[in-house]
Amino acid sequence: MTIPHTGRALADAAPVPYWLDRPDRPDPLPALVGPHSADLLVIGGGYSGLWAALLAKQADPDRDVLLVDAGTCGWAASGRNGGFCAASLTHGLANGVDRFPDEVGELERLGRDNLDAIAATVATFDIDCDFERTGELAVAVEPYQLDGLAADADLARRYGHRVRLLDRDEVRAEVHSPTYLGGMFDADRVAMVDPAKLAWGLRRACLDLGVRVHEHTRVTGLRADGAALHASTLGAEPTAHPADTPADGRPGSVRARRVVLATNAFPPLLRRLRAYLVPVYDHVLMTEPLTPAQRDAIGWRNRQGLADTANQFHYYRITADGRILFGGYDAVYHYGNRVAPELEQRPATFTTLARHFFTTFPQLADVRFSHRWGGVIDTCTRFCPFFGTAYGGRLAYAAGYTGLGVGATRFGARVLLDLLDGGNTPLTRLDLVRRKPLPFPPEPVRAVGINLTRWSLARADAREGRRDLWLRTLDRFGLGFDS
């Protein structure tokens, strides 16, 4: 059913990420021009790269670390996400149990420690990113989802997590939505954060420790250069879209002993990674700030992160200035792993999200949206990060975070530095680190399979969660997923 006010609510929404649309964003740093050298070159200025540079410099202040980004630090997924900073390293406990049953307990412990370490870094470097340890509330919006919540709660308790099941009245007392039938509150494994401010704070911390950072610098090639690696670059003046470095930009180069490759969803510099990664577009709406009366109408006093438990799920949260971010549902793949600025705007998806928002909160019928945007997520067939090295161990990479990179990238950065050091460490011995996901098939089979999976997941949501033959086949080969 079309809700009459959906078009009006979207009419004035700016087609840019809310988090990045701020006058206090940091000025861009100069592009790299001419020849340079470094002990460690970090390619990519999102969370993965920023954490790698920061941790490397903290471990060895004398290490010469240089970071480059094709746009500005945090302009891509790191500055566009919902700001859910989760402890999970495996895209949820159930996925970890399925894929790493022998070490999932250790991975859960490492994840909790990782979230604590992020909180400590925010405090140590005085990063103003609205970090709130609010926890997350998963809600059932269909009767069949209640059994799934109960099973999730049992599993979480087996691994020592502090969770609580809520009945219909209890969950609606927390957040007032007529769609809620029950919930599960996870008190300590998720924090809310302003994602762009976190990236900018990590950037500042890197600069304060002596990391050299060059923005609007695209790496165009890598090759071996004796005992080092040589990266060719093109630098440019800031552009309307940060990734649009002109092909005739100013050339530069870096000769580095070691390299961290942290480009995630973008076309990888290593050909071998193309079979393992798929870029999927996620889209988000942000409301205008709610009035006191509107806030009273929805409750939500404890500011938890929220997500429903459908296959095509929504995630939403309250911002520090009293807006509601509402995203998810559609996960859109474009043929040939296509990534392009124009794909960030998808009117049909924004209309769907707005309709779902007003279904969730009919008492907010007069609310308008201030921003609408999209961003690309790197996913793989196991839905959690994978790792590896190249060039005889002189380059290390991580990718495949599947939307949970706000927290897990710090852990990934630790793994990358261990891999580059060549050590046999507790992290490098993990199956999570040693094993690769199954590759995706080539096109056109890749697009057919992904779109068939999306269709089947939507069908399962409409059939009380019943998975069809295609989804059951994927499950059998370890490729199935629930969200």
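Which residue in β13 is the bridge partner of Val139? Keep that one in mind while we take a walk through the fold, and remember as you look that this is a predicted model.

Let's start with the whole thing. The protein holds 13 helices and 19 strands. Its radius of gyration is 22 Å, close to the 23 Å that the globule rule gives for 483 residues, so the protein is as compact as a globular protein of that length. If you lay the C-alpha trace along its principal axes, it spans about 65 × 50 × 45 Å. As for what is tucked away, 58% of the 483 residues count as buried. The surface that remains exposed comes to about 19400 Å², and carbon and sulfur atoms supply 54% of that area.

Sequence distance matters for reading the contacts here. Take the contacts with a separation of 6 or more: residues 24 or more positions apart account for 75% of them. Charge is worth a glance too. There are 56 positive and 57 negative side chains, and the centres of these two sets lie 5 Å apart.

Now back to the opening puzzle, which takes us to strand β4, residues 136-140. Of its 5 residues, 4 are buried, so β4 is largely enclosed by the rest of the structure. What does it pair with? One partner is strand β6 (residues 182-186), which pairs with β4 in the antiparallel sense over 5 bridges. Within that pairing, Leu137 stands opposite Phe185 of β6. Another partner is strand β13, residues 305-308, which runs parallel to β4 and is joined to it by 4 bridges. And here is the residue we were after: Val139 has Asp308 as its bridge partner in β13.

While you have a strand on screen, a reminder about how to look at its side chains: in a regular strand they alternate between the two faces of the sheet.

Next, find strand β11, which covers residues 250-261. Strand β1 (residues 34-43) runs parallel to β11, with 9 bridges joining the two. To locate this pairing, look for Val42, which stands opposite Val260 in β11. Strand β10, residues 228-235, pairs with β11 too, this time in the antiparallel sense and over 7 bridges. A handy marker there is Leu229, whose bridge partner in β11 is Ala256. Then there is strand β19 (residues 395-399), which runs parallel to β11 and is joined to it by 3 bridges. In that pairing, Leu261 stands opposite Tyr397 of β19.

Staying in β11, zoom in on Ser253, which lies in this strand. Is Ser253 buried or exposed? Its relative accessibility is 14%, and the cut-off for buried is under 20%, so Ser253 counts as buried. Who surrounds it? Setting aside neighbours within four places in sequence, Ser253 is in contact with Leu32, Gly34, Pro35, His36, His230, Ala231 and Thr233. Some of those numbers should look familiar: β1 covers residues 34-43, and β10 covers residues 228-235.

For a last stop, leave the strands and go to helix α12, residues 445-462, where you'll find Thr453. With 8% relative accessibility, Thr453 counts as buried. Have a look at Trp470 from there: it is 17 residues from Thr453 in sequence, and the two are 7.4 Å apart in space, C-alpha to C-alpha.

Terms used. Residues numbered from 1 in each chain as written. Predicted model: local features only at pLDDT ≥ 70, side-chain atom pairs only at ≥ 80, totals over all residues. Heavy atoms only, no water. Rg over C-alpha atoms; globule rule 2.2 N^0.38 Å. Buried < 20%, exposed > 50% of the residue type's maximum accessible area, 1.4 Å probe, protein only. Contact = heavy atoms within 4.5 Å. Areas by Shrake-Rupley, 256 points an atom, 1.4 Å probe, with all protein chains shown as cover. Lys, Arg positive; Asp, Glu negative; His and termini not counted. Charge placed at Lys NZ, Arg CZ, Asp CG, Glu CD. Pairing = 2+ DSSP bridges.
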